[in-house]
Amino acid sequence: MTVREFTALVFLISASAGFLGALTGLGGGVIVTPALTLLLGVDLRYAIGASLVSVIATSSGAAAAFVRDGFSNIRIGMFLEIATTLGAIAGAVLATHIPTSALSIIFGIVLLHAAWQSTHSLPAARTDDAADPLAQRLKLEGAFPGSHGAQHYRARRVKTGFAIMFGAGTLSGLLGIGSGALKVIAMDQAMRIPFKVSTTTSNFMIGVTAAASAGIYLSRGYIDPGLAMPVMLGVLAGSIAGARVLVGARTRVLRITFAVAVAAMAVEMIYSGFQK
Amino acid sequence: MTDERLESIVASLLRTGVSLAAAVVLGGGIVYLVRHGGEHPAYSAFHGEPAEYRYVSSIVRAAFSGQARGIIELGLLILIATPVARVVACVAGFALEKDRAYVVITTIVLAILLYSLISKP
């Protein structure tokens, strides 16, 4: 295979990953890495480096739209980014010290969880927790345009959310993914922030989180221009197309089909981890 | 300065950064494919990038000397810098809002980001 053919193939795979990632809400990064390693035999570290770059591109592109719509909360995002960026550095440093076989197994487990979560909606968050004085002091509150006018909310259990965010950052740095699923859990389930605000704020945070580990990946030589170029352009193009189609699309059947495919990749990743 | 105004500045900043990065990566990619398209890719074993593609200063040098891979890496650097620029905009925005707690919070995030970009292992 020549560089030309390889680049075309990687672009096609990445565009499909970006498209399906946007449609199902899984994100393109978590799909492109197993696709590159399992289908094209790319070393996991190169795949993770390229995927991380694509994560910054898609999240920044999508965040631009969400921030404008008034759903994402910049203050909550900025405050929790202290946790995710510290976690991301820890994860990226950890990634350079543990064997790729272990990385492959962890990746598989995270994929399995992502497949499961994409087909199950999170339980409705309770709102009867005590008010958190920390949330008041840090102004972790806001309002979003709802069906009955502006809906107000204030974060609860700030410390728990902060701790989960550190974990989300670590996974992001370790595996080169956005780990949007875990960020949403931290905000929606732990901090009781409305779901729509949680998902859009999570997207807003992903770029900054990924940028923190990108610096470390770059200096360790994980980001190869020849590979990252088609991955970044492909995932970006695919996710923009996916977001366009998403408006009014019925995604339930697609979601389930796709979750099965992702679960299969997850098992393959875990299996290949044990083979090494 | 209001939160809404800051949000719209952040949105256009993100959009501009991603578009610029994608354009530079695409430009470098075309040069790369024209020059190296017939070679054989080797990604099955990890070797790590050469030192010139690992650090900001040497990437910029490689890009401006016309190396295709250097131009792609420069585009990727612009992409990585986009969220960093977003945090800088937030520091300035909260300063104009005279919100001291959030100036401190955003400055901490900025310091963490700069540390990861500048520190060499």
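Which residues are linked with A:Arg75 in a network of salt bridges? They are A:Lys139, B:Glu97 and B:Asp99. The legends below walk through this and other close-ups of a predicted model.

**View 1. The interface of chain A and chain B.** Let's start with the meeting of the two chains, where 58 residues of chain A are in contact with 57 residues of chain B. Together the chains bury about 5100 Å², and carbon and sulfur atoms account for 71% of that area. For the polar side of the story, the rule finds 19 residue pairs in polar contact across this interface, both partners at pLDDT 80 or more. On chain A, the elements that give two or more residues to the side touching chain B are helix H1 (3–24), helix H3 (44–69), helix H4 (74–95), helix H9 (195–219) and helix H10 (225–246). H3(A) gives the most, with twelve residues. Sorted by class, this side of chain A has 37 nonpolar, twelve polar and nine charged residues.

**View 2. A salt bridge between A:Lys139 and B:Asp99.** Here we return to two members of the opening network. The closest N and O atoms of A:Lys139 and B:Asp99 are 2.9 Å apart. A:Lys139 lies in the loop between helix H6 (133–137) and strand E1 (141–146) of chain A, while B:Asp99 lies in the loop between helix H3 (68–96) and helix H4 (100–118) of chain B, so the pair joins two chains. A:Lys139 counts as partly exposed because its relative accessibility is 35%. B:Asp99, in contrast, has 7% and therefore counts as buried.

**View 3. A salt bridge between A:Asp224 and B:Arg69.** The side chains of these two residues meet with an N to O distance of 3.4 Å. This pair too joins two chains, because A:Asp224 sits in the loop between H9 and H10 of chain A and B:Arg69 sits in helix H3 of chain B. With 6% relative accessibility, A:Asp224 counts as buried, whereas B:Arg69, at 22%, counts as partly exposed. In total, the rule finds five salt bridges across the interface of chain A and chain B, and a search of the whole structure finds eight over all chains.

**View 4. A salt bridge within chain A.** A:Arg45 and A:Asp43 form a salt bridge whose closest N and O atoms are 3.2 Å apart. A:Arg45 counts as partly exposed, with a relative accessibility of 24%. Its partner A:Asp43 has a relative accessible area of 12%, which means that A:Asp43 is buried.

**View 5. Packing of H1(A) with H1(B).** H1(A) and helix H1 (residues 3–36) of chain B pack at an angle of about 145°, and their axes are 9 Å apart. H1(A) brings A:Val3, A:Arg4 and A:Thr7 to the contact, and H1(B) brings B:Tyr32, B:Leu33 and B:His36. By class, the contact has three nonpolar, two polar and one charged residues.

**View 6. The surroundings of A:Thr84.** Our last stop is in helix H4 of chain A, where A:Thr84 is found. Is A:Thr84 buried or exposed? A:Thr84 counts as buried, because its relative accessibility is 0%. A polar atom of the A:Thr84 side chain lies 3.4 Å from the backbone oxygen of A:Glu81. Leaving aside neighbours within four places in sequence, A:Thr84 is in contact with A:Met165, A:Gly169, A:Lys183, A:Met205 and A:Thr209.

Conventions:
Residues are numbered from 1 along each chain as its sequence is written. Chains are lettered from A and ligands numbered from 1 in the order in which they are written. This is a predicted model: local features need pLDDT of at least 70, side-chain atom pairs count only at pLDDT 80 or more; totals for chains, interfaces and linings use all residues. Side-chain values use heavy atoms; hydrogens and water are left out. Contact means heavy atoms within 4.5 Å. Buried area is the accessible area (1.4 Å probe) that two parts lose on being put together, summed over both. A salt bridge is a side-chain nitrogen of Lys or Arg within 4 Å of a carboxyl oxygen of Asp or Glu. A polar contact is a pair of N or O atoms within 3.5 Å; within protein, one must be able to donate a hydrogen and the other to accept it, and residues adjacent in sequence count only if both atoms are side-chain atoms. Helices (H or I, at least four residues) and strands (E, at least two) are DSSP runs, numbered from the N terminus. Ala, Val, Leu, Ile, Met, Phe, Trp, Tyr, Cys and Pro count as nonpolar, Asp, Glu, Lys and Arg as charged, and the others, Gly among them, as polar. Buried means under 20% relative accessible area, exposed over 50%, partly exposed in between (1.4 Å probe, protein chains only). Axes are lines fitted to C-alpha atoms, for helices over the stretch in contact, and angles run from 0 to 180 degrees between N-to-C directions.
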